[in-house]
Amino acid sequence: MPKKTLVIVESPTKARTIKKFLGPHFQVEASVGHVRDLPQKASDIPQKMKEYEWSRLGIDVDNDFAPLYITPKDKTKVVRHLKQKLKDADELLLATDEDREGESISWHLVQLLKPKVPVRRMVFHEITRPAIEHALAHGREIDSSLVNAQETRRILDRLYGYTLSPLVWKKIAYGLSAGRVQSPGLRLIVDRERERIAFTKAVYWDLKAGLRRSTDPAGQGFEARLESVDGRRVASGRDFDAINGTVLEGRDVVVLTEDEARKLTVALADDAWKVSSVAEKRITSRPTAPFITSSLQQEGNRKLRLSARETMRTAQRLYEQGFITYMRTDSPVISEEGILGARSAVTELYGDEYLSPEARQFKPSAKDAQEAHEAIRPAGEHFAHPDETELSGSERALYELIWKRTLASQMADAQKSSTTAKINVQNAVFTATGTRILFPGFIRVYVEGKDDPDAALDDRETFLPELTEDQLLDLDGLESLYHETKPPARYTDASLVQRLEKEGIGRPSTYASIISVLFERKYVRRQGNALIPTFTGYAVMQLLEKHFHYLVEYSFTSELEANLDRIADGGTHRLDYLREFYLGEDGLRHRVSMRESEIDPNDCRTVQLPQLKNVPPIKIGKFGPYIVHNIDGQEIHASIPEEIAPADLTEDDVLEIIEIQKRGPVPIGHDPKTSEPVFCLVGRYGPYVQLGEKTDETPKPRRATLPKDVTPKDTTLELALKLLSLPRTLGQHPETGNEVVANNGRFGPYVVHDGDFRSLKAGDDVYSVSLGRALEILAEPKKGRGSKLLRDLGTDEQSGMKIAIYEGRYGPYIKFGKKNITLPEERRTGEAIEKLQLSEAMEIVKKSGKV
C-alpha cells in the first residue's frame, strides 16, 4: 500500500495546480500564508506573557533577542485542520516557496505541527510536471540559514518600527509610523518634492525649418533643427542645471532669447539653404535581459499602469496557476530548458532569421544579486502562447509581457541605419536626422518602455529623402520655438523601484510592500501615475532627518541590507549585530531615549516649505494640514486642501484660503428656486460649493467639488448652481418605472438606473444629457470600467437585481447590483466560472456579508 503524503503549500490556488501532477495518495493543503508571527496588538499577547514589559515589543532583547511568536486568531482553524490531516499522513512535504519567507513558513509549520513522521522540503521554481517530479525526487532539509535571515530581518524591522513609531505618534499624530525601508523610500519622494520647490526654470529658444529638395518640389518634405550660430552650439535642455536653471559649467553654448530667435528667423528666411554633409551609420540594438522582479514591476507600471503591488499579486497568481516561473528573483539567467523553449517559439513563430546566432545568457547587474532562482519566464519547456492560455484582464496582459520579453531575449539584434544631414544657411547650421529599421530583429516582439514621456521608443522610424552634399533645398517654413526646462519629474512606481534598486534600499521582493506601506500610512498619494508626498509624510521625514538622520541615509540602509545578507551567508553573527544595532552605546534604543525629551512636538508638526516666506507655516493636525493666522487678535484656522502638493502650494494660495476662512460663510448669491444661500468654501479635500447652511435639520447640505481649473475667487453663482444641479433625475425608465439619474463620480460623469452605472460618452454633457440619450447608453452591452463581462447570470428573483461575473484589474469578481464581491480562490479558474450557477453565485454573495 503506498504511503500517504501530506503536502503543504501557501495558497489554495497553488495547491490546486500542484495536485494535478500528484497521485491519489498525496493530500495537498494550504497554510494560507504565515501561520505564526510577532504579536500585532496588545490583545494578541498571551495572558501569561503580559506581565513582561518586553512582550509589547514582541522581542526579549535581554534574552538573545528571542521573538515571541503567536498564532493569529484567523489562523487557528487552518492550523487545527492541518494537524488533523497530518494524523493520517506517513510523510510531510513542505512545498512553500524557495525564498526566505517560504523557508520561514515551513519552519514555523514544523514548530506548530510537531510532526512525528519524516519531513522534507520540496522546492521548485515553476509548477510543471517535470519540476514537481524533480522536487519529489530531490527533497532536502529546512535551510536554517534562510530561516535565520528572515527572522533577523523581522526582528530588525520590529525593533526599528516599534521604537521609532511611538515617538512619531507623540510628536506628530497617533497612528503614524517609521520603518527600516519605508522611511528611506519616503525620503526619496520627499527629496524629489524639495527639488521641485528649489527648481528655477530656464527659458531658451531655437528654430525649426521645414525643407524639401529644390529638384523635387513635390517630393517628401522634412524637418531640420537649428544646431549652431557663428560656430557655437545652440543650447538645448540638457545644457542647463536640472535644479537652478543655469548653464552647466564647461558648456560653450549660446542661449537664444526670443528677440534673437525672431531676428534670426527673418534673416535666414530668404537666403540659400544647402546640404553641407550627409553621414550615415549603422546601429545595432540588442535585447534587454529577461525579467527579474524589479524590472517586471517597472514595465508593469510603464506599460500596463499596474502598481508594483498589483504587478506582484498578478505575477503570484500566474505562478501559482503554473504559467510562469517563480516571480521573486534578482537573476536574469535563464535555464537551459527556458532557452530551448524561447528559441523554439521564435523559430516557430518568426523563422530562423529572427533567432540570435547563439543562445544568449545575461549576468545580473546588481553586485549583491542572490541568483537563487532563474529569470521570470513562461513555465515549462514549451511556452504557452498568450492566445492559448484562456487568461484575461491583467493576468493575460502581464503574461504576454513576460512571454514577449523572454522570446525577445533569444532573438536576433535589431539593425538600424541613422542618417544625419548638416544644412548651412548664412552663419547658421541646421541638422536633420532620420532612422530606418533595416532588420527589426527582437523589436518585432518587444520594446522596453521609458519613464520619460518625451523619449523616443526604439521601434520608431523617421525618414529623410535621399540627400547629397551641396544639394540645394527649398524652405517651406521657418519658425522660432519657445522652450523651458521642466522640474524634476516626480517618481512613478517604475522610477521609484529603479531608484530603490540603485540605492540598495530593500530587496526586489520588498519594493512593492515599501510603496504600499507609504500609501497605507497616507504619507504618499497618487496623482495620475506620479507619487506625491502628503504634508504628513513631509512632516515625518523632517522629524527623522533632524533627529535620526543616520537612519534614513541611503548608505546606512544599503549597508544594513548588506549586513543582513552577510548574516544569511554566515559571515556575520546575528546576535552581535542586533546587540550593536539596538543595545550598543550608539544603538537605537539609547539614541531614541536620549533625544525624545529634546524633541519639540510643535516644531515636528510644522512643515517648513521654503517658498512660503510671508505667510503662516503649515501645521499638521488630527484632520490633516492647516494654517493658523492671527488678524487683529483673532485666531483663524484654515484647512489646506490635501489635493495640493507641497511643491505646488504658493503664498497666493495660502492668502486666498485665509481670506475665505476670514470672511466665513458669506454667500456668493442665492438659489432662485429655493432662495437658499450658495457658498464657496474650502475644506480638507479642496474647494467646494454648498447649497444652504449646515444646521441640525440639514446636517449634510448639498455640496459639489470645484473643477481643478477653477479657483474659489473665480467661482460665479451661475457655475455654482450648475455644479449643485447634480445629481439630475432625468425621468423614469419605461420598463421598470424607476428613476434614471445623471451625476459626476470618481471616474467621471455617468448615468445610473437600478444600480447599473454607465459612463457617459465623449460629447455627452452630464448637465444636459436627456432621458432618451441615457436610455441608449443603458441599453448598450455593459463592458464595465476597465472590466470584461465573463458571464451574465441573469436576475435574482428575490431582489430583482442583476448578477454577473466580470474580469477586473484584480481578477474575476461577482457584480450584484452595486456591490462587487471577489470570487473565492477555488472559483476563479475559467472552467469554474463557466460551471457557476446563479444559485451558487447568490450563496457567495450572501456569505460575503455585503448584502
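Two strands are taken to pair if DSSP finds at least two bridges between them, and with that in hand I would like to walk you through a few parts of this structure, which is a predicted model.

Let me begin with strand 31, which covers residues 811-816. On one side, strand 30, made of residues 802-808, is joined to strand 31 by 6 bridges, and the two run antiparallel. Within that pairing, if you look for Ile805, you will find that its bridge partner in strand 31 is Ile814. Strand 31 is also joined to strand 32, residues 819-822, this time by 4 bridges and again with the strands running antiparallel. Here Ile814 appears once more, standing opposite Ile821 in strand 32. Strand 31 and strand 32 form a hairpin with 2 residues between them, and in the turn Gly817 has a positive phi of about 60 degrees. Is strand 31 buried or exposed? Since 6 of its 6 residues are buried, strand 31 is largely enclosed by the rest of the structure.

Let me move to a sheet earlier in the chain. This one is an open sheet of 4 strands in the order 21-22-23-24, and its pairing is antiparallel. Its edges are formed by strand 21, residues 669-670, and strand 24, residues 703-705, each of which pairs on one side only. Strand 21 pairs with strand 22, residues 677-683, in the antiparallel sense over 2 bridges, and, to put residues to that pairing, His670 has Pro677 in strand 22 as its bridge partner. Packed on this sheet is helix 20, residues 717-724, which touches strand 21, strand 22, strand 23 and strand 24, and whose direction makes about 80 degrees with that of strand 23.

Now to two pairs of helices. As a reminder, two packed helices are described by the angle between their axes and the distance between the axes. For helix 8, residues 293-304, and helix 12, residues 493-503, the axes come within 7 Å and cross at roughly 160 degrees. An angle over 145 degrees counts as roughly antiparallel, and that is therefore how helix 8 lies with respect to helix 12. The crossing of helix 8 and helix 12 is left-handed, and the residues making the contact include Gln297 and Arg302 of helix 8, together with Val497 and Glu501 of helix 12.

The second pair is helix 3, residues 100-113, and helix 5, residues 144-171, whose axes come within 8 Å and cross at roughly 100 degrees. That angle makes helix 3 roughly perpendicular to helix 5. Among the residues in this contact are Arg100 and Trp107 of helix 3, and Leu146 and Arg153 of helix 5.

I will finish with some single residues. Val752 lies in strand 27, residues 748-753, and is buried, with a relative accessible area of 13%. Which residues does Val752 contact, leaving aside its neighbours within four places in sequence? They are Glu739, Val740, Val741 and Phe757. Thr729 is 23 residues away from Val752 along the chain, and the C-alpha atoms of the two are separated by 9.8 Å.

As for the cysteines, Cys604 is buried, with a relative accessible area of 4%, and Cys680 is buried too, at 8%. With a disulfide taken as a pair of cysteine sulfur atoms within 2.5 Å, the count comes to 0 disulfides.

Notes:
Residues are numbered from 1 along each chain as its sequence is written. This is a predicted model: local features need pLDDT of at least 70, side-chain atom pairs count only at pLDDT 80 or more; totals for chains, interfaces and linings use all residues. Side-chain values use heavy atoms; hydrogens and water are left out. Contact means heavy atoms within 4.5 Å. Axes are lines fitted to C-alpha atoms, for helices over the stretch in contact, and angles run from 0 to 180 degrees between N-to-C directions. Buried means under 20% relative accessible area, exposed over 50%, partly exposed in between (1.4 Å probe, protein chains only). Angles under 35 degrees count as roughly parallel, over 145 as roughly antiparallel, 65 to 115 as roughly perpendicular and the rest as oblique. A crossing is left-handed if the near helix is turned anticlockwise from the far one by less than a right angle, and right-handed if clockwise.
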